[in-house]
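Student: I've got a new model to go through. Please take me around it, and let's keep it informal.

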Amino acid sequence: MNMQKWLKAGIAGLVTLLAVQGNGAPPAGAYHGTVSRYTMFDGKPISTVCGTFSLNTTARGRITAKVVLRERTLSFKAEGWEGTEGTPSVRMESRGGETLVLAPFLGVIEYMVGTLSGGSLGDEKMFIAATYHAFADQADAAAQAKLARLQGYYTVALYCWRVLPRGDAEETPRGHGYLTMTVGARGKVKIAGVLADGTKVSQASTLMTTPGVPFFRPLYRRRGEIGGLLKIDPDTRDVKVDWSQPTVYWDKLGSGPDGFQARLVPLGGYFRKGAPLPEHTGWLDADGNKVAYHLPGGPVMPQPVMPYGVPVTLAGTRPVVEKGVKPVLSGDGTHYVYTGDNSALATLRYSPLTGIFRGSFNQYYDYDSGGRLVHKVVKVPFAGVMLRWNDGVVNGYGYYLVPETNPAFRSLRIQHSFWIELIYYF
């Protein structure tokens, strides 16, 4: 099925939903949610979150709405709902000609859906999904009880499911970025984290009653974006995982040979601050890579020495990586000798208050330069976040970065990203 057919099917289904009879005007107050679109990924259209949506309606019926997209922010207003005796709906137009149409989903007036089209969007249609912000009402006992269960600190890994390069630089970050979320009073959410290419992200969001956290940020001077809905299981407080349908989309348009598209799986949940890591041994594992070090005479491949299966123990509450053995020159001076599990000399730091771990290790390049053996050491930083589940499992997911040295792409300042994990098996 091509993109146009997917869009027609989606629009037809939405029109059917909007036609369902409602039960009067939607309650006055705020609504928060997501904006989504169909995006081509690996030759197929997928639904991706491409913005955030907020709406306020007064007791007199006046409506204001805001849509935040990668390239622009759109504002709308209307004097009131139409058809409140049957199906309440509203049609609003921005100054730029974009049209927003909203109505209740299946007649449930606390759950709004709609479409966004026209103006700067051209022929493209976007889709709105938002819920009434019941958490703001201190008198709503049911909503406050639900919020009390969901409040707290969360750690979430953005697990790399699949990534596609956009250009010849083959920029394909395969590491796992991470987010921390604090769900507070009135359902306000603070998000902060780092993506797998080292890009920092932060956002103030609002918990939807479904429940879920709308997540969207423009990136790379609005030459990219990341977005998704971080759904939370109200019983376990785990971030819901669907391995068959990754819910976070990450896009870097690039400026030529760089850029990529990626689909990510949010993985994590509630994190008890201050809790120590397990007393039994864990392992630090890093993905291998073939990032060459470029010289005038040609590229040199890295030595196959990575921190893989390096034991991690506890010294009090502090995790300690097995001490590494520094590479030494062979007796005949022809090569370097790498011994032990930690020849990469990995280091590790961990904060039990945030769940974030950091460190570094060495990547080595050995090559001949005018008859002399050169031992090049590149310091590789890594970072990640620990996740805790209700069944007691504790694992950490993160990324490490290796700089691009190819003269053809050096000006792009690409940092090649690969996964690193801190694993505890039972």
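**Sheets, rings and two loops**

Student: Which residue in strand 3 is the bridge partner of Leu55?

Tutor: Ala65 is the bridge partner of Leu55 in strand 3. Strands here are DSSP runs of E with at least two residues, and helices are runs of H or I with at least four residues, all numbered from the N terminus. Before we go on: this is a predicted model, where local features need pLDDT of at least 70 and side-chain atom pairs count only at pLDDT 80 or more, while totals for chains, interfaces and linings use all residues. Residues are numbered from 1 along each chain as its sequence is written, and side-chain values use heavy atoms, with hydrogens and water left out.

Student: How many bridges do strand 2 and strand 3 pair over?

Tutor: Strand 2 (residues 44–57) and strand 3 (residues 63–69) pair over 7 bridges, in the antiparallel sense. Two strands count as paired if DSSP finds at least two bridges between them.

Student: What's the strand order in the open sheet with strands 1 to 8?

Tutor: The order is 4-3-2-1-8-7-6-5, with antiparallel pairing. Strand 4 (73–78) and strand 5 (90–93) are the edges, each pairing on one side only. The twist from one strand to the next averages 25°, using axes fitted as lines to C-alpha atoms (for helices, over the stretch in contact), with angles from 0 to 180 degrees between N-to-C directions.

Student: And what's the order in the open sheet that has strand 22 and strand 25?

Tutor: That one also has 8 strands and antiparallel pairing, in the order 22-21-18-29-28-27-26-25. Its edge strands are strand 22 (318–321) and strand 25 (347–350), and the average twist is 25° from one strand to the next. Inside it, strand 28 (residues 394–403) and strand 29 (residues 415–423) run antiparallel over 9 bridges, with Gly398 opposite Ile420 in strand 29.

Student: Switching topic: how many aromatic pairs are there?

Tutor: The model holds 14 aromatic pairs. Rings of Phe, Tyr and Trp (its six-membered ring) pair if their centres lie within 6.5 Å; planes under 30 degrees apart are stacked, over 60 edge-to-face, and the rest tilted. One of the pairs is Tyr153 with Phe271, edge-to-face at 6.2 Å centre to centre and 70° between the planes. Tyr153 is in strand 9 (residues 152–165) and Phe271 is in the loop between strand 17 (260–270) and strand 18 (282–286), so the pair ties together parts 118 residues apart in sequence.

Student: Are those two buried or exposed?

Tutor: Both Tyr153 and Phe271 are buried. Buried means under 20% relative accessible area, exposed means over 50%, and partly exposed is in between (1.4 Å probe, protein chains only). Elsewhere, Phe357, Phe361, Phe382, Tyr400 and Phe418 make one aromatic cluster.

Student: Where does His133 sit?

Tutor: His133 is in the loop between strand 8 (125–132) and helix 2 (141–150). His133 is buried, at 6% relative accessible area. A polar atom of the His133 side chain lies 2.9 Å from the backbone oxygen of Arg186.

Student: What about Gln303, where's that?

Tutor: Gln303 is in the loop between strand 20 (298–300) and strand 21 (308–315). Gln303 is partly exposed, with 23% relative accessibility. Beyond its neighbours within four places in sequence, Gln303 is in contact (heavy atoms within 4.5 Å) with Tyr338, Tyr364 and Asp366.

Methods:
Polar contact = N/O pair within 3.5 Å; in protein donor to acceptor, adjacent residues only side chain to side chain.
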